[in-house]
Amino acid sequence: VMFLVTIPLAAAGVGFWSLVIGSIAGVVAGAAVAVAFSPYKLRLRYERGAVKEYTSFSWPVLASALMAVVTFQVPAAIASRSIGPAAIGAITLTAQITQYTRRVDQVVTHALYPAICAVKDQRDLLYESFSKSNRLAVLWGFPVGVGVALFADELVALLLGAQWELAVPLIQVLGLAAAVDQIGFNWTAFARARGETRILAVQAVLV
């Protein structure tokens, strides 16, 4: 939906707003499908203590998300002022490349989360699922991260050209960081399943 909306609008001359409208259209379409196929129909339900429970669970998650935005935007703003607009392109390019190290992580975590919630009070099963899921993800993510760091020079020269050489050191550093990040990558899913979300906010601030 995002593609089908954004491309025609961009071709029609809408410009930057084609990206905004396309993104909103995609989100609305996804939400409509989720509501249509959900076995639980939407309606207001009052439950005593629910607001307090949701707030205590959600505010650390929100703080973690906000810190993730700050972690990206602050270096981008500083780099754009000290190096120039090309720095933003280099940072964005590097972020996109290193995201590939997390593809298996995301699939494994989303698939495993319902099972984690089901056994959240059984520490032995939690440990087993944590250990095995991390081994699976490391098989993909660690080699990809290291490979990106090793072949950053060739990758940039072959695909992007010499004008993007400034991105090579950043790709190498973040590639190695992404590789190391595979170790214990899905610990946040276990924290959310157990309702221990404050550690997410602490981790986001420290990072």
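Helices here are DSSP runs of H or I, at least four residues long, numbered from the N terminus. By that count, Thr71 falls in helix α3. The model is predicted, and Thr71 comes out as partly exposed, since its relative accessible area is 37%, which lies between the 20% and 50% cut-offs. A long stretch of sequence separates Thr71 from Ala204, 133 residues in fact, yet their C-alpha atoms sit 8.9 Å apart in space.

How far can the model be trusted? The protein chain has an average pLDDT of 83, and 99% of the residues score at least 70. Confidence isn't even along the protein chain: helix α2 (residues 16–37) has the highest mean, at 92, while α4 has the lowest, at 72.

Next comes the largest pocket, which holds about 1500 Å³ of space. Its lining takes in 35 residues, and those nearest the centre are Ala68, Gln99, Arg102, Asp181 and Gln203. Two or more lining residues come from each of α3 (50–82), α4 (85–99), α5 (103–118), α8 (168–180), α9 (187–193) and α10 (198–206). Helix α3, the home of Thr71, gives the most to this lining, with 8 residues. As for chemistry, the lining of the largest pocket splits into 19 nonpolar, 12 polar and 4 charged residues. One caveat goes with this picture: α4, a contributor to the lining, is also where confidence is lowest.

Helix α5, another contributor to the pocket lining, has 16 residues and runs 24 Å from its first C-alpha to its last, close to the 22 Å expected at 1.5 Å a residue. It isn't straight, though: a kink of about 40 degrees sits at Leu112, shortly before the proline Pro114. Four names make up the buried set of α5, namely Asp105, Val108, Thr109 and Ile116.

Helix α6 (residues 123–150) can be checked in the same manner. With 28 residues at 1.5 Å each, α6 should span 40 Å, and its end C-alpha atoms are 39 Å apart, so the two values agree. A bend of about 40 degrees turns up in α6 at Val138. Buried residues in α6 are Leu126, Ser129, Ser131, Ser133, Asn134, Ala137, Gly141, Val144, Gly145, Val148 and Ala149. An α-helix has 3.6 residues a turn, so residues three or four places apart point the same way. Steps of that kind can be followed through the buried set of α6, for instance along Ala137, Gly141, Val144 and Val148.

How values were computed: Residues numbered from 1 in each chain as written. Predicted model: local features only at pLDDT ≥ 70, side-chain atom pairs only at ≥ 80, totals over all residues. Heavy atoms only, no water. Expected span 1.5 Å × (residues − 1). Bend = angle between axes of the 7 residues up to and from the residue. Buried < 20%, exposed > 50% of the residue type's maximum accessible area, 1.4 Å probe, protein only. 1 Å grid on protein atoms, 1.4 Å probe; cavity = no way out; pocket = protein on both sides within 12 Å on 5 of 7 lines; lining within 4 Å. Points joined across faces, edges and corners; volume = space filled by probe spheres on them. Nonpolar A, V, L, I, M, F, W, Y, C, P; charged D, E, K, R; others polar. pLDDT = per-residue confidence, 0-100.
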